[in-house]
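Student: I've got this one open on my screen and I'd like a close look at one part of it. Could you take me through how a pair of helices packs, and then what lies around it?

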Amino acid sequence: MPQFLLVTDLDNTLIGDNEATLNLIEHLLPHRDRFYLFYATGRNFDSVAHLLGFFQLLTHRPLLTPDYLIASVGTAIYHRSYPEPGWTKYIDRDWQRDKIAHLLHNFPGLIPQSDREQNPWKLSFYLSTKDDTITVSKIGELLSANQLACHITFSHRNTLDITPLHAHKGSAILWLQQQLGISHLPTLVCGDSGNDITMYQPPFYGVIVRNAQPELLQWYSQQQSDRILLSQYDYAAAILEALHYFALL
Ligand SMILES: [Mg+2]
């Protein structure tokens, strides 16, 4: 019977230092039946498949197979390669993609990302202004003045994702926990950037890798929480530290 849930971001958290990732796998593999594993990433499904294949090509070892994949910053959930239709239905409520796209067309400093990065529940942009935070709050004010409910994610100092109100990593974890009847299990979330912030908001255990992005570190500095560990290690070594720190392994 699984005794805990491990949720990790991929880029610059689980992946980034192959030696550390392999070491973590080594520690986790003998206990694989003791935990649920979710990957939660900004990448879409094809891009995750590519990343996993590339890791195996480089290291001759596969990554652990997750029980669920939360992809595209929480706008899609996959079990094996199958999307969860219940999640899509859940996030689609009150979502007005066309209206948001129309309103933000020609917004100063917003550059749409490639078509590959867009999906029916996600509008993705690059931000090309010096005053990132001001621009992000101006966008938020504009959308809310027009009663367009949505969630705004700012990551890596220059990427902006606009998704349905409940479509983010944190909400996807809570939804899956409920579907699987595992809300009672201790949960550890691991991340490095702004699109991971929603994972730390529910009362989970959390670890922030030492190599985290400034927007996540800045968010953390405003929290007072002894359930979130700011690791003294980078990448996957931080995950291993947290598994021991919170006595899950
Ligand atoms: Mg990341």
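Tutor: Let's settle one term before anything else: a crossing of two helices is called left-handed if the near helix is turned anticlockwise from the far one by less than a right angle, and right-handed if the turn is clockwise. Keep in mind, too, that what you're looking at is a predicted model.

Now to the pair itself. In general, two packed helices are described by the angle between their axes and the distance between the axes. Here the pair is α1, residues 18-28, and α9, residues 235-245; their axes come within 7 Å and cross at roughly 30°. Angles under 35 degrees count as roughly parallel, and α1 and α9 are therefore roughly parallel to each other. As for the hand, α1 passes α9 in a left-handed crossing. On the α1 side, the contact is made by Ala20, Thr21, Asn23, Leu24 and His27. Facing them from α9 are Tyr235, Ala236, Ala237, Ile239 and Leu240. Sort these residues by class and you get 7 nonpolar, 3 polar and no charged residues.

Next, step back along the chain from α1 into the loop that joins β1 (4-8) to α1, where you'll find Asn12. Asn12 isn't a glycine, yet its phi is positive, about 65°. There are 19 C-beta neighbours inside 10 Å of Asn12, so it counts as partly exposed; the buried class takes 20 or more. Asp11 lies in that loop between β1 and α1 as well. With 18 C-beta neighbours inside 10 Å, Asp11 also counts as partly exposed. Asp11 is worth a click for another reason: Asp192 is 181 residues away in sequence, but the two C-alpha atoms are 8.3 Å apart in space.

From there, have a look at Phe38, in strand β2 (residues 35-40). Phe38 has 22 other C-beta atoms within 10 Å, so it is buried. Val7 is 31 residues from Phe38 along the chain, and their C-alpha atoms are separated by 4.7 Å. Setting aside residues up to four places away in sequence, Phe38 touches Leu5, Val7, Pro66, Asp67, Tyr68, Ile70, Ile173 and Leu176.

Val73 sits in the loop between β3 (68-71) and β4 (76-79). Like Asn12, Val73 has a positive phi without being a glycine, in this case about 45°. Val73 counts as buried, because it has 29 C-beta neighbours inside 10 Å.

Now for the wider setting. The domain assignment splits the chain into domain 1 (4-90 + 167-245) and domain 2 (94-163). Their centres, taken over C-alpha atoms, are 24 Å apart. Where the two touch, domain 1 supplies 13 residues and domain 2 supplies 11. On the domain 1 side of that contact, the residues divide into 3 nonpolar, 9 polar and 1 charged.

For a stop in the other domain, try Leu127, in strand β7 (residues 123-127). Leu127 has 19 C-beta neighbours inside 10 Å, so it counts as partly exposed. Beyond its neighbours within four places in sequence, Leu127 is in contact with Gly109, Leu110, Asp132, Thr135, Asn158 and Leu160. Asp226 is 99 residues from Leu127 in sequence, and their C-alpha atoms are 33 Å apart in space.

Terms used:
Residues are numbered from 1 along each chain as its sequence is written. This is a predicted model: local features need pLDDT of at least 70, side-chain atom pairs count only at pLDDT 80 or more; totals for chains, interfaces and linings use all residues. Domain bounds come from an automatic or database domain assignment. Two residues are in contact if their C-beta atoms, placed from the backbone, lie within 7 Å. Ala, Val, Leu, Ile, Met, Phe, Trp, Tyr, Cys and Pro count as nonpolar, Asp, Glu, Lys and Arg as charged, and the others, Gly among them, as polar. Axes are lines fitted to C-alpha atoms, for helices over the stretch in contact, and angles run from 0 to 180 degrees between N-to-C directions. Helices (H or I, at least four residues) and strands (E, at least two) are DSSP runs, numbered from the N terminus. Angles under 35 degrees count as roughly parallel, over 145 as roughly antiparallel, 65 to 115 as roughly perpendicular and the rest as oblique. A residue is buried if 20 or more other C-beta atoms lie within 10 Å of its own, exposed if 12 or fewer, and partly exposed in between; C-beta atoms are placed from the backbone.
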